[in-house]
Amino acid sequence: MDMVMKLGAESPVVIFSKTTCCMSHSIETLIRGFGANPTVYELDKLPNGRQMENALIELGCQLSVPAVFIGKDFVGGSNEIMSLNVRGKLKNLLLKANAIWI
């Protein structure tokens with residue numbers, strides 16, 4: 001879990017994803033639509049991806065991907081990100097993390 005937390009804190013926005021996950025792609029597209037440039041880790045392409053996936057489940061991801069960190073904090077998966085967006089709070093979170101500028 002330490003490795004996942006460390007990677008999650010290295011950029012303003014970090015997404016743990018899989019190349020075959022359409023929700024991961026949708027969340028990445030949503031975040032990029034605000035002008036952010038997230039760091040994306042494709043777990044199915046990493047040698048230790050399975051271990052990282054298990055660590056994300058330990059963090060509380062019901063499904064391991066997508067898992068999103070914003071401003072060094074674990075925000076959650078697609079449900080949490082979509083909820084923040086619908087409530088108009090995702091942009092402010094990205095601004096506070098210096099992932100985007102006005």
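Here is a short chat between a visitor and a guide about the structure above.

Visitor: Before we start, what kind of model is this?

Guide: Residues are numbered from 1 along each chain as its sequence is written, and side-chain values use heavy atoms, with hydrogens and water left out. Local features need pLDDT of at least 70, side-chain atom pairs count only at pLDDT 80 or more, and totals for chains, interfaces and linings use all residues, since this is a predicted model.

Visitor: Let's begin with S17. Is S17 buried or exposed?

Guide: S17 sits in strand β1, residues 13-17; helices (H or I, at least four residues) and strands (E, at least two) are DSSP runs, numbered from the N terminus. Buried means under 20% relative accessible area, exposed over 50%, and partly exposed in between, with a 1.4 Å probe and protein chains only. S17 has 2% relative accessibility, so the verdict is buried.

Visitor: Which residue has a side chain in polar contact with the side chain of S17?

Guide: Contact means heavy atoms within 4.5 Å, and S17 touches S24, V40, Y41, E42, L43, D44 and V65, leaving out residues up to four places away in sequence. A polar contact is stricter: a pair of N or O atoms within 3.5 Å, where within protein one must be able to donate a hydrogen and the other to accept it, and residues adjacent in sequence count only if both atoms are side-chain atoms. At 3.3 Å, the side-chain partner of S17 is E42.

Visitor: On to the rings. How are F16 and F69 arranged as an aromatic pair?

Guide: Rings of Phe, Tyr and Trp (its six-membered ring) pair if their centres lie within 6.5 Å; planes under 30 degrees apart count as stacked, over 60 as edge-to-face and the rest as tilted. The structure holds three aromatic pairs. For F16 and F69 the centres are 5.8 Å apart and the planes at 70°, so the pair is edge-to-face.

Visitor: How many residues apart are F16 and F69?

Guide: This pair links distant parts of the chain, with F16 in strand β1 and F69 in strand β3 (residues 67-70). F16 is buried, at a relative accessible area of 0%, and F69 is buried with a value of 0%. Along the chain, their separation is 53 residues.

Visitor: And how does the pair of F69 and F74 count?

Guide: F74 is partly exposed, with a relative accessible area of 25%. Ring pairs join F16, Y41, F69 and F74 into a cluster. The centres of the F69 and F74 rings lie 5.3 Å apart and their planes are at 55°, so this pair is tilted.

Visitor: What about G8: which residues is G8 in contact with, leaving aside neighbours within four places in sequence?

Guide: G8 belongs to helix α1, residues 2-8, and is buried at 0% relative accessibility. G8 and G71 are 63 residues apart in sequence, yet their C-alpha atoms are 8.6 Å apart in space. With those neighbours set aside, the contacts of G8 are V14, F16, F69 and K72.

Visitor: K72 turned up there. What is the phi of K72?

Guide: K72 is in the loop between β3 and β4, and at 55% relative accessibility K72 counts as exposed. K72 is not a glycine, but its phi is positive, at about 75°.

Visitor: Where does N98 lie?

Guide: N98 has a positive phi too, near 60°, in a residue other than glycine. N98 is partly exposed, with a relative accessible area of 47%. Its place is the segment after α5 (90-96).

Visitor: Last topic, the largest pocket. Which element gives the largest share of its lining?

Guide: On a 1 Å grid over the protein atoms alone, a pocket is an open set of points where a 1.4 Å probe fits, with protein on both sides within 12 Å along at least five of seven lines, and lining residues have an atom within 4 Å of a point. The largest pocket holds about 230 Å³ of space, and of its 13 lining residues the closest to the centre are Q62, L63, G77, S78 and N79. The elements giving two or more residues are β4 (73-76) and α4 (78-86). With three residues, the largest share comes from α4.

Methods. Grid points are joined across faces, edges and corners, and a volume is the space filled by probe spheres set on the points.
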